[in-house]
Every structure is written in C-alpha cells, then in structure tokens.
Amino acid sequence: MLELIALSKRYGDVVALDGLSMVVGAGRIHGFVGRNGAGKTTTMRIVLGLARADAGSVRWRGRPVTAEDRRGFGYMPEERGLYPKMTALAQIVYFARLSGMPAAAASAAAASILDSIGIGERSGEPVEQLSLGNQQRCQLAAALVTSPELLVLDEPFSGLDPVGVDALAAVLQTQVASGTAVVFSSHQLELVERLSDEVTIIDQGRVVASGAVSAVRGSRGADRLRVAVEGAENGWAEGLAGVRVVGRDGDEVELALEAGADDQAVLDAARRAGRVRSFRREAPSLTELFREVVSS
Amino acid sequence: MIRLVAGREVRERIRSKAFRISTGVTLLFILAVAILPGVLSDDGPTKYDVGVFGDRADRLAERLPEVALVGDDVEVRVRRLADAGEGERLVRSGKLDAALGDGRVVVKEELGNRLGFVVDEANRQVAAAAVLAGAGVGGEAAARILAPQPLEVRALDPKSDEEVARQGLVFIGTILLYGQLLGFGYWVASGVVEEKVSRVVEILLAKAPPAQLLAGKVIGIGAVGLIQLLVFLVIGLATAAAFGTVDLPADSLPIAAQVVGWFVLGFAFYSCLFAVGGALASRVEELQSTTTPLTFLAMGSLFAAINSGTDPSGPIARVATFIPFSAPMVLPIRVAAGEVGLVTVVVSVAIVVVSIVAVMALAARVYATGALHLRGQLKLRSALRQEAAGVTVP
C-alpha cells in the first residue's frame with residue numbers, strides 16, 4: 001500500500017503541492033485527475049524519488065519508502081523515454097537489470113513481457129524503427145518487466161487509439177488481479193471512471209475529492225435529473241425551486257438538483273407540462289463532478 | 001549499478017557508426033604516418049639544371065658544381081649556352097632552372113634559396129678570382145682565399161637521432177591524446193544530453209542515483225576511448241617496426257605507456273567538465289555553446305604542448321605543466337625531452353588528481369540539477385544555486 005502524507009513542494013514562487021495526501025491500495029486501480037499544472041506529475045516524481053518533497057512523506061507498506069523499494073516500482077513518465085538506437089529487447093533487459101534483477105532473470109522477463117504485449121517479433125529492432133504504438137508498448141514493457149508491486153503511470157493512455165486503450169486497460173486489469181497497486185493520471189475522465197476503483201481529484205496541489213469512484217460521485221456536486229416530456233413547452237422546468245437546467249436534448253432536459261431540492265415536485269411540474277416519457281435521477285458523472293469542483 | 005551503466009555505454013558505443021568511422025579514419029592516418037615516410041623516402045639530392053653564357057661562362061661552369069657540393073644536398077648540372085637569348089628560351093620552356101651570365105641570372109618565376117645560394121656564391125667566386133688575378137694573386141693563394149677550409153662544427157649538446165625519433169613519437173602520441181580527450185569527452189556531453197532529449201533520463205533516475213549514472217557513463221565511454229587509444233598505439237608501433245620506415249626510439253613502449261596514463265587522468269578531468277556541459281544543455285544544438293569554453297581550453301593546451309615541443313624549458317612549457325587542462329598533453333613531451341624530473345611529474349599528477357576530485361563533485365552537483373531540466377539552456381551559476389536550494393534529484 002502506498003501512502004502519501006501531506007506532501008508539499010514549491011518551485012521558487014510556484015506552489016506545486018500544498019499538503020497533498022492520498023492512499024493507493026494493493027490490487028486497486030487508482031485514477032489521478034487534475035488540470036494541467038495541478039501537481040500530478042510532481043506527485044508521481046516524488047513517489048519515484050525524482051523530486052524531493054519540501055514537507056510530508058511517502059510510505060510504502062507502512063514504512064518510509066526506500067531507494068530499494070523505488071527501484072522495484074514500475075514507472076511510465078509522461079514524456080516517455082527510450083533509447084532510440086537500442087533494440088527493444090536490449091533496453092528492457094537493461095531497465096530490468098537497473099531495477100536489480102540478475103542477468104538471466106532480466107533476459108527471460110524482458111522476452112516474456114515483450115511477447116505478452118505483442119511486440120515479441122519486433123524486439124530485435126531498434127526502437128526508433130517501431131511504430132509509435134509499438135514504442136508505447138515498449139515503454140509499458142519497461143514499467144512492467146520487474147512485475148512491480150506498484151505501477152505509476154503518467155498519462156499512459158494519451159496518444160492511444162481505442163484498440164490500444166482497451167489493450168492497455170486489459171494489461172492493467174491483469175496486473176491488478178495479481179495484487180499490483182496501480183496509480184495512473186489521465187485527462188480522459190470517462191476512462192478513469194470506467195477503469196478505476198478509486199479516484200483522487202486534485203487542484204492547485206490540493207486534493208479536492210478522493211475515494212471510491214461511486215462514493216466520490218455521490219458525495220460531491222449536485223445530482224442529475226434527466227426528464228423527457230412529450231409535448232411540453234421548452235421552458236417548463238425554469239423557475240422550479242432548487243433546480244438548474246444544465247442541458248437539453250430534444251424532449252429531454254438535464255437538471256442539476258441542489259441539496260434538499262424535491263425531485264417529486266419536479267415530476268409534478270413535468271406531468272403538468274406534458275406526457276412524461278422517462279424520469280431518471282443519477283449521481284453526476286466524473287466529468288461533471290470534475291468541472292464543478294475544479295471551476296468552483 | 002555503475003558497471004551496468006558503463007557496460008551499456010561500451011556495448012552501444014562500439015556498435016555505433018560514429019565509433020567505427022572515427023576508428024577507421026584515425027587508423028588510416030596512423031598507417032600513413034608509419035608507412036609513407038618509407039615510400040616517399042629520400043631519393044638523393046635536389047638536382048638543378050643551370051645554363052651559363054657570356055665572358056665568364058667557362059669559369060662559372062667550373063665553380064657551380066663545386067659550390068653545390070658545399071650546399072645543402074644540392075646537385076647542379078651545367079650546360080653551355082650560346083647567348084642570353086638561348087638561356088631565356090630554355091628557362092621559359094622549363095628545360096633549365098636558371099641561366100647565368102653577364103652579371104644576371106634568368107629564372108622563370110623566382111630564384112629559390114637553395115639555388116640562389118649556389119649561383120650567388122659561384123658568381124661571387126668568379127668575380128673575386130678575376131679581381132685577384134688583376135692584382136697579381138693567383139694559384140694556391142687565390143684558391144685559399146676563394147674556398148677556405150670549411151668551419152668545423154662542435155655541438156655542445158648534440159641532438160642524437162634517438163632524441164629526434166623520441167620527439168617525433170611523443171608528438172604523434174600527444175596529437176592522438178588530444179583527439180581522444182576531446183572526442184570522447186564530447187561523447188560524454190552528447191550522451192548526457194541525448195538521454196535528456198529522449199527523456200530516458202527520467203526512467204534511469206527512478207532506478208539509480210545521479211552520481212552513479214554519471215560515473216557509469218564516464219567510465220564506460222572512457223573505457224572505449226582507452227581501448228581505441230591502445231589499438232592505435234599498438235597498430236602504429238607494430239606497423240612502424242615491421243616496415244622499418246620510421247626510426248623508433250628504444251623507449252617507445254614507456255613513451256606509449258605514458259600517453260595512455262595521461263589519457264586516463266586527462267579523460268577523468270575533461271569528461272567531468274564535458275558532463276557539466278551536457279547537463280546544462282537541453283538540446284543537442286545547445287551543446288555548441290555549453291562546451292565551447294572547454295573546447296577552447298583543450299585547443300589552447302594543444303598549442304602549449306606544441307610550443308613545449310620546440311621549447312621544452314620555456315615559460316609556456318613550465319607554466320602549462322602545472323595547469324590541469326594542459327598537463328596531460330605537455331608533460332609527456334617535456335619528459336621525452338628530458339626536461340623534467342620525477343618531482344615535477346609527481347607534483348603535476350597531484351594537481352591533476354586534486355582537480356579531478358573537484359570537477360567530479362561539480363559534475364555530480366550540476367548533473368543532479370540539470371538531468372531533469374528538460375527545457376531551455378541552464379546557466380552554471382543557476383544550476384548550482386538550484387542545487388543548493390534542493391531543486392534536484394535526491
């Protein structure tokens with residue numbers, strides 16, 4: 001289990017992290033969300049020991065993280081990083097050995113991981129000759145080759161096509177099933193919502209929401225009410241107490257309900273306006289929640 | 001960890017095209033130096049064809065070959081001419097190098113120093129003989145005046161062939177040393193910046209402390225440079241010995257060993273500074289400006305070394321012996337010239353070693369800050385300030 005406790009970091013006058021705390025459990029996928037510059041990459045770099053926190057601590061399995069722990073973590077940096085002229089196999093072996101694996105084990109693990117992510121046949125080619133998609137896979141192999149107990153992935157899905165996204169998601173789920181803790185950052189919130197067990201939303205170096213995805217969706221932001229009414233005038237929902245119109249699609253309006261607003265009163269108003277075809281109440285999606293908490 | 005990093009450098013560098021090309025080109029150069037002097041060897045004295053005409057043609061024809069014997073490896077073949085006109089024609093057509101008579105000499109473009117000495121001296125002797133004859137001096141007296149016994153040369157400190165050969169060898173060794181220091185030093189700088197450009201450095205730093213990554217890189221690239229230098233020296237000396245074209249001094253091997261030893265020290269010193277140049281740049285193009293001061297210092301050191309070759313006890317040589325930039329190139333030359341004793345060598349080595357420790361510390365600090373500085377060129381002062389403020393890889 002990875003625990004970040006009250007991390008703070010300044011770069012000159014810029015506050016990058018301001019008392020950030022979060023927990024990533026073993027066998028869980030943890031989505032890490034925030035605007036550009038919110039502090040995601042800085043947080044990940046501190047976990048990997050690439051930056052030093054001004055205050056706060058990183059704990060792994062209940063004790064302060066050591067350099068030895070960190071060598072075993074799998075890391076995929078945002079801007080990627082491979083030696084262009086080295087073959088895929090040679091560099092995965094190299095990274096495995098830097099992580100502390102003996103030569104024979106590193107060779108075997110590298111060959112097997114490259115096979116399992118589908119670039120085994122091209123593993124003898126210099127990386128610069130691989131397609132971008134295959135380079136991305138090679139990058140993932142670099143993070144996975146040591147069978148790490150913690151995977152830290154900075155924007156792993158950026159630049160992938162839908163098939164690539166599914167393939168990577170499947171790989172992550174396999175890892176998690178074997179007990180790996182995964183934390184990944186992404187701007188694709190639907191993806192985060194679909195894949196993650198837990199999510200942490202940060203803004204300006206502070207956590208604004210954190211926990212199980214369903215709990216976070218339920219705890220923050222206004223619930224959504226989607227009501228489709230046949231034959232109603234457009235403005236039927238305007239002026240209802242505690243209700244805001246946030247979207248409209250044909251007959252259907254999307255309403256944000258403030259806390260304590262009466263959904264039954266909305267239903268009555270809808271029936272007065274016309275024939276109610278559907279009436280559905282749900283927690284805000286992660287995207288909606290994110291917009292709300294980050295813009296407030 | 002350091003061995004792993006160094007091992008990767010050795011494997012990848014030896015595989016690289018740049019390494020193969022530089023090895024090939026330098027080997028060609030070395031083979032040329034070792035073999036060509038034999039092929040282009042001395043084919044006897046320089047020959048000149050000189051025509052003579054006019055009143056004193058006979059006497060000039062007699063003196064010219066005699067005077068040439070005194071000259072520096074010159075032979076003159078004389079031809080009688082009818083008149084100045086024939087001389088001009090033959091000089092113009094290239095059949096004669098010069099036509100001499102009636103108090104003038106005709107040449108095509110210019111009268112060089114060597115031929116100039118011969119015709120001047122012959123002309124002077126003929127003219128002087130005429131004056132002496134007019135004054136009634138002739139026979140043996142005139143001959144002694146015109147061609148006195150040549151001076152006997154007594155050198156107090158004669159330069160033996162052995163010494164000349166030794167200086168030649170150590171000079172070539174120094175040129176090689178300079179090439180290796182600069183070439184492989186630059187590889188350290190470009191290796192550092194290439195890892196920044198490809199962003200690999202971020203993965204590496206998550207696995208290993210910056211000082212170890214840097215040490216591995218320097219040791220790996222240095223090992224390749226050392227192996228290459230040994231290959232150059234062995235092949236060069238073996239070729240020269242086999243063809244017998246170059247006079248090798250008896251102490252060739254100690255001289256070569258000295259060059260190798262100075263490569264190790266010099267590379268440790270220069271490569272750390274090149275690593276600083278690499279850490280300050282964030283693109284390969286910026287290496288130009290971050291390593292220029294270093295390149296100039298290395299070139300200045302080579303000039304100091306060349307100067308030490310001609311004047312091994314001069315002020316430049318004596319000062320350069322104690323400057324870490326120039327000591328590796330200057331000392332082998334001064335030692336070969338027998339100019340410095342053991343104490344000077346020990347002091348000079350000590351200065352270089354202390355400097356190495358200092359630049360290693362500097363390089364480790366700047367690298368820790370610069371390695372993750374991926375955008376824009378960093379200033380040395382700002383890198384050290386940030387390092388002090390903790391903006392660095394722990």
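Trainee: What separates the centres of domain 1 and domain 2 of chain B?

Mentor: Taken over C-alpha atoms, the two centres of chain B lie 56 Å apart. The model is predicted: local features need pLDDT of at least 70, side-chain atom pairs count only at pLDDT 80 or more, and totals for chains, interfaces and linings use all residues. Residues are numbered from 1 along each chain as its sequence is written, and chains are lettered from A and ligands numbered from 1 in the order in which they are written.

Trainee: Which residues make up each domain of chain B?

Mentor: Domain 1 takes 2–38 + 161–389 and domain 2 takes 46–146; such bounds come from an automatic or database domain assignment.

Trainee: How do you know how chain B stands against a compact globule of 394 residues?

Mentor: The globule rule is 2.2 Å times the number of residues to the power 0.38, with the radius of gyration taken over C-alpha atoms. For 394 residues a compact globule would have a radius near 21 Å, but chain B has 31 Å, so chain B does not match the rule. Along its principal axes the C-alpha trace of chain B spans about 100 × 45 × 40 Å.

Trainee: What makes a residue of chain B count as buried?

Mentor: Buried means that 20 or more other C-beta atoms, placed from the backbone, lie within 10 Å of its own; exposed means 12 or fewer, and partly exposed is in between. Of the 394 residues in chain B, 38% are buried.

Trainee: How many residues does each chain give to the contact between chain A and chain B?

Mentor: Chain A gives 22 residues and chain B gives 19, where contact means C-beta atoms, placed from the backbone, within 7 Å.

Note on methods:
Two residues are in contact if their C-beta atoms, placed from the backbone, lie within 7 Å.
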